[in-house]
Amino acid sequence: FFFTTVTTNTGTTGTTTNTTTTTGTTTATGITNLESNGNTLLLYPNPANNVLHVTCSDLMKEITISSVNGSMTKRLDVNSTGEIVDVSEFPAGIYFITIKTDSKLVTRKFVKEGD
C-alpha cells in the first residue's frame, strides 16, 4: 500500500487556498498489514477458513473476536507477538478482532469463509 498526500497553502491578503492531491496504488493480497508509528499488525489469511494468523510487532496481551452484532465470540489471554487463532467453529461471516497491547487497543475486520 502506498499513498502520498500533498497539501499546498497559498494566501494573499488573508485569503487561503488549499489544494490537496492524493495519488497511490493498492494491492489486494489477503493480508491485512497495519503500520502505525513503526508498529506492525498482520492478519492472514483474510478471508480465513480454519485459522487466522495474528502477528504484531508489540507484545499482545489479549485477543478478542466479536461478531458483527457485537457479541463476543472468543477471548484469548496471550503474551506473545504471534498467535494462530482457531476460527473453524465460527459460522461464515464478518467478524471484528481486537488486539490489546500494553499501550494500544486496535480493532480490525476479517471474513470467515464457509467450509
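## Strand S5 and its surroundings

Let's start with Ile 65, which has plenty of company: beyond its neighbours within four places in sequence, Ile 65 is in contact with Ser 71, Met 72, Thr 73, Lys 74, Val 85, Val 87, Phe 90, Tyr 95, Phe 96, Ile 97 and Phe 110. Please keep in mind that this is a predicted model.

Ile 65 also belongs to the largest nonpolar core, a set of 17 residues. Together with Leu 52, Val 54, Val 87, Ile 97 and Phe 110, Ile 65 is among those with the most contacts inside this core. Four elements each give two or more residues to the core: strand S4 (39-44), S5, strand S6 (72-86) and strand S7 (93-101). S5 supplies the largest share, with 6 residues. As a general point, nonpolar side chains in soluble globular proteins tend to be buried together.

How do S5 and S6 run, and how many bridges join them? The two strands are antiparallel, with 11 bridges between them. One example is Val 51, whose bridge partner in S6 is Asp 86. The hairpin of S5 and S6 has 4 residues between the strands, and there Gly 70 adopts a positive phi near 95 degrees.

Next comes Ser 67, which lies in strand S5 (residues 51-67). Is Ser 67 buried or exposed? Its relative accessibility is 13%, so Ser 67 counts as buried, the cut-off being under 20%. Leaving out neighbours within four places in sequence, Ser 67 is in contact with Thr 73, Ile 94, Tyr 95 and Phe 96. The side chain of Ser 67 also makes a polar contact with the side chain of Asn 69.

Tyr 95, listed among the contacts of both Ile 65 and Ser 67, brings us to the aromatic residues. The structure holds 2 aromatic pairs. In one of them, the rings of Tyr 95 and Phe 110 have planes at 25 degrees, so the pair is stacked. This pair links distant parts of the chain, with Tyr 95 in strand S7 and Phe 110 in strand S8 (residues 105-112). Both residues, Tyr 95 and Phe 110, are buried. Phe 90 joins Tyr 95 and Phe 110 in one aromatic cluster.

Here are the distances for three residue pairs:

| Residue pair | What is separated | Distance |
|---|---|---|
| Ser 67 and Asn 69 | side chains, polar contact | 2.4 Å |
| Tyr 95 and Phe 110 | ring centres | 5.8 Å |
| Ser 67 and Lys 109 | C-alpha atoms | 9.8 Å |

Along the chain, Ser 67 and Lys 109 are 42 residues apart, while Tyr 95 and Phe 110 are 15 residues apart.

Conventions: Residues are numbered from 1 along each chain as its sequence is written. This is a predicted model: local features need pLDDT of at least 70, side-chain atom pairs count only at pLDDT 80 or more; totals for chains, interfaces and linings use all residues. Side-chain values use heavy atoms; hydrogens and water are left out. Buried means under 20% relative accessible area, exposed over 50%, partly exposed in between (1.4 Å probe, protein chains only). Contact means heavy atoms within 4.5 Å. A polar contact is a pair of N or O atoms within 3.5 Å; within protein, one must be able to donate a hydrogen and the other to accept it, and residues adjacent in sequence count only if both atoms are side-chain atoms. A nonpolar core is a set of buried Ala, Val, Leu, Ile, Met, Phe, Trp, Tyr and Cys residues joined through side-chain atoms within 4.5 Å. Rings of Phe, Tyr and Trp (its six-membered ring) pair if their centres lie within 6.5 Å; planes under 30 degrees apart count as stacked, over 60 as edge-to-face and the rest as tilted. Two strands pair if DSSP finds at least two bridges between them.
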